[in-house]
Amino acid sequence: VLAVVAAACSVSLAALPSGASATRGKTEGETIRLVTHDSFALSKDVLAAFTARTGIDVEILQGGDGGAIVNQAILTKDNPVGDVLYGVDNTFLTRALDAGIFERYRSPALDTVPEALRRDTKSRVTPIDYADVCINYDKTWFAENEVKVPQTLQDLAKPAYRGKLVVEDPSTSTTGLAFLVATVAEYGPNKWPRYWERLRANDVRVVDGWDQAFYDEFSGGGAGGTRPLVVSYASSPPASVVFAEPPTDEATIGTMTGSCFRQVEYAGILAGSEHRAAARELVDFMLSEQFQSDMPLQMFVFPAREGTPLPKVFEQFADTPTDPYTLTPREIGAGRDEWIRQWTGTVLR
Amino acid sequence: VTRSRVAAIACAALPVAFVAVFFVYPVVAILDRGLRPDGHVDLAPLRDVFTDDTTRGVVWFTVWQAALSTVLTLVVALPGAYVLARLRFPGRTLVRALVTIPFVLPTVLVASAFLALGVERSLGAILLAHVFFNYAVVVRVVGELWRHLDPYEEAAARVLGASRWRAFREVTLPALQPGIVASATITFLFCFTSFGVILLLGGPSRSTIETEIYRQTTRFLDLPLAAALSIVQLLTVIVLLWLAGRFERRAAVPRRLRSSREVEHRPRSLGDRMLLGSNLAVMAALLGLPLAVLVVRSLTPPSGFGVAYYRALGHVREGSTLFVPPLDAVWNSVKYATIATVIAVAVGGLAAWAGTRTRSRWLDGLLALPLGVSAVTLGFGFLIALDEPPLDLRGSTWLVPLAQALVALPFVVLLTAPVLRAIDPRLREAAQMLGASPARARRAVDLPIAGRALFVAGAFAFAISLGEFGATAFVVRPDSPTLPIVIYRLLGQPGDLSFGGAMAASVLLMVLVVIAMVAGDRLRTRSIGEF
């Protein structure tokens, strides 16, 4: 037995593939790697169209959430795992930029993106999409209990909503981090802990990740939760319609548009990529109409390219905030780690 | 003697090389990055772990919750081990396979099932979940020994006038000790490095060294602190393994083992029947109920009882974060787990073999170390270490079975080494007396026993690889996800179909584990036979 397994083992070791093949020159026939987060999704035919047009094969590597992939890219700076990184958002952007993991590239397609989303003046990253992290509410619960839906962050600390809200821990969840930033934007760098003290006194529940919040705790998640308010996304109502079983044409959850923080996601070419030309093609493609119009129903985010038509289910059910909270990546980068520590001290300890 | 030593060293070369390249090197690389940020070693973070109130609290909590969990698991599972080892009753093989399921289920599902049963996030929930997950470890490891323990020794003690309790305490318990120590060690290490259970069921205010490493690495990129915590964790694990090894060496007396057919019996007395009844009830409540919740949920979409969630697994839906139909993951899981099992059994088996020939224990210890390193540390280590020729594995699909094999390896060693050491040399001597050459005596005596042990270990390794999540998530490719990855991805988006799909996928994972365990049990007894 041992001899057999030993032989099998040495064979399997010998059969290890010898890593990436570095073909330089024309992009035709090249394979590039797109490093992205776990929420990445794309229609097969969209990627196939890109390959058919350019001759470039794209391999996708997913390495955790938005925070984890940035840290990964920083650690592997000398020998990058891939060529293009997509999914760094404005809450982690400065960490990535300061570490110098991206090389400069200004895509010609950038002109189609509204000024407000373009935050990097040195053209190291390209905005691809945005999503609004908002409080979702369970429409059924509020109707049945005849309670008014809260309108502002201030409302959430009121006795009427005691024990009704579930949020994610910003030290483990990017969604939770975005909501924390929203409260910092509302109350300012000094007063926001006071607000969280009041939320804590109002029996806010903290869980580790979005799925625990949405499925285990939120009453509108469909899996037996009891709290009617959850930190989620403005695109959660359309998503819940798309994924309804049996199919439905009515959203049972709504969005509190006065509570939103706008998360912008960027793509950048990883410095040290051996496939620079192909990587540029991919970044351009990510801003193309084909890619952009595929994103909403795949990742439930909003396209950055102006004028991209939205799917019907988005127009019907996604309540987008007119004036979401926002801070510059620089402000977030300077405060982030300290905010998380302070938040942990205020809410959990 | 010299020749056999040479052979032993040759046997040891492969496991040592494997662990050195795929474990020690990546882990050292990431720790080095943390503790030598600008060229010179800075050990201040190590001191900070113990001077800072928060991290000191984290270390202390990690230790005591693990100790408490281990004691509880032993108390609950030891009677269960007896029942499944010694009492013959209809459906026993199935029950034995079923109790193994929890061990390999992704924590995220178990947490969800517990919450659905009304368990509140608390310390109690953590302990309950740890007993749930590790019950199988005790039942399998201690049970395997119990199944073959000579019952006549205890009977002899009774005849000589010892009370039932005294006979158990002074005859059976010492004989079981190697198994108890081994399973307690595994359980403690599991609870000590617990990650998902702490985050999901303990609530965010509780953290262990493992969750803190994750937070510091993925959120704050505080590599020095993460490295310091990793070293504290690793050192604790080394000390514990060393203690367990010493203990086991003292307790390892070659024993005459019996065929389980001679040992087991139908429940005869009232006591036996009560024991059987109460233990089955415990298993049903503790293990069965949460599993049942998952099955029921997977079969009850809002449209009414049916297999809609299962059907949905057959194709890629619009908006799914999966790039292949979730059902493909069944095949991927089996494929990766098979390769990982082959690697783990080969490497672990060779090491255990070499260990018995040279009587040295450091190899066992080396191979058990992956237990003490967090998936994040290993995953990041892989990324920064295995990135240059000749070993450039960036993005390679080989990383998945390699990572899984590393996770399974400690179990293979812990499960096979004690058995190999316990082989009665008199058996070998008897064979030689009857005319067998030393080599033939080894083949005839050691190989069947080693084969049995490797089968048990292999089944375990396979199950662990099937359920492995932490390390796999770091290195898996989206076009070939495993079942736990699919479950996790499905849970990452809203909607009934996503949630129900995760439940259905988890039931498939459970079925796979049961098939593997039952097949392992059957195959083992058929091909190798009993003692």
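Which residue of chain B forms a salt bridge with A:D38? In this predicted model, the partner turns out to be B:R489, and the closest N and O atoms of the pair sit 2.9 Å apart. That pair belongs to a bigger set, since the count between chain B and chain A comes to 5 salt bridges. Polar contacts turn up here too: 18 residue pairs across the interface of the two chains, both partners at pLDDT 80 or more, pass the rule.

On the chain B side, helix α16 (residues 328–358) gives the most to the surface that touches chain A, putting in 8 residues. Sorted by type, the residues on this side of chain B come out as 41 nonpolar, 17 polar and 16 charged.

Now for the contact as a whole. Chain B brings 74 residues to it and chain A brings 71. The size of an interface is often given as the accessible area lost when the parts come together. For chain B and chain A, that figure is about 6300 Å², with 61% of it on carbon and sulfur atoms.

Over in chain A, helix α3 (residues 66–75) is mostly covered, with 10 of its 10 residues buried. The buried residues run from A:G66, A:G67 and A:A68 through A:I69, A:V70 and A:N71 to A:Q72, A:A73, A:I74 and A:L75. There is also a polar detail where α3(A) starts: A:D65 has a side-chain oxygen that reaches to within 3.0 Å of the backbone nitrogen of A:G67.

Methods: Residues numbered from 1 in each chain as written. Chains lettered and ligands numbered in written order. Predicted model: local features only at pLDDT ≥ 70, side-chain atom pairs only at ≥ 80, totals over all residues. Heavy atoms only, no water. Contact = heavy atoms within 4.5 Å. Buried area = accessible area lost by both parts, 1.4 Å probe. Salt bridge = Lys/Arg side-chain N within 4 Å of Asp/Glu carboxyl O. Polar contact = N/O pair within 3.5 Å; in protein donor to acceptor, adjacent residues only side chain to side chain. Helix = DSSP H or I, 4+ residues; strand = E, 2+ residues; numbered from the N terminus. Nonpolar A, V, L, I, M, F, W, Y, C, P; charged D, E, K, R; others polar. Buried < 20%, exposed > 50% of the residue type's maximum accessible area, 1.4 Å probe, protein only.
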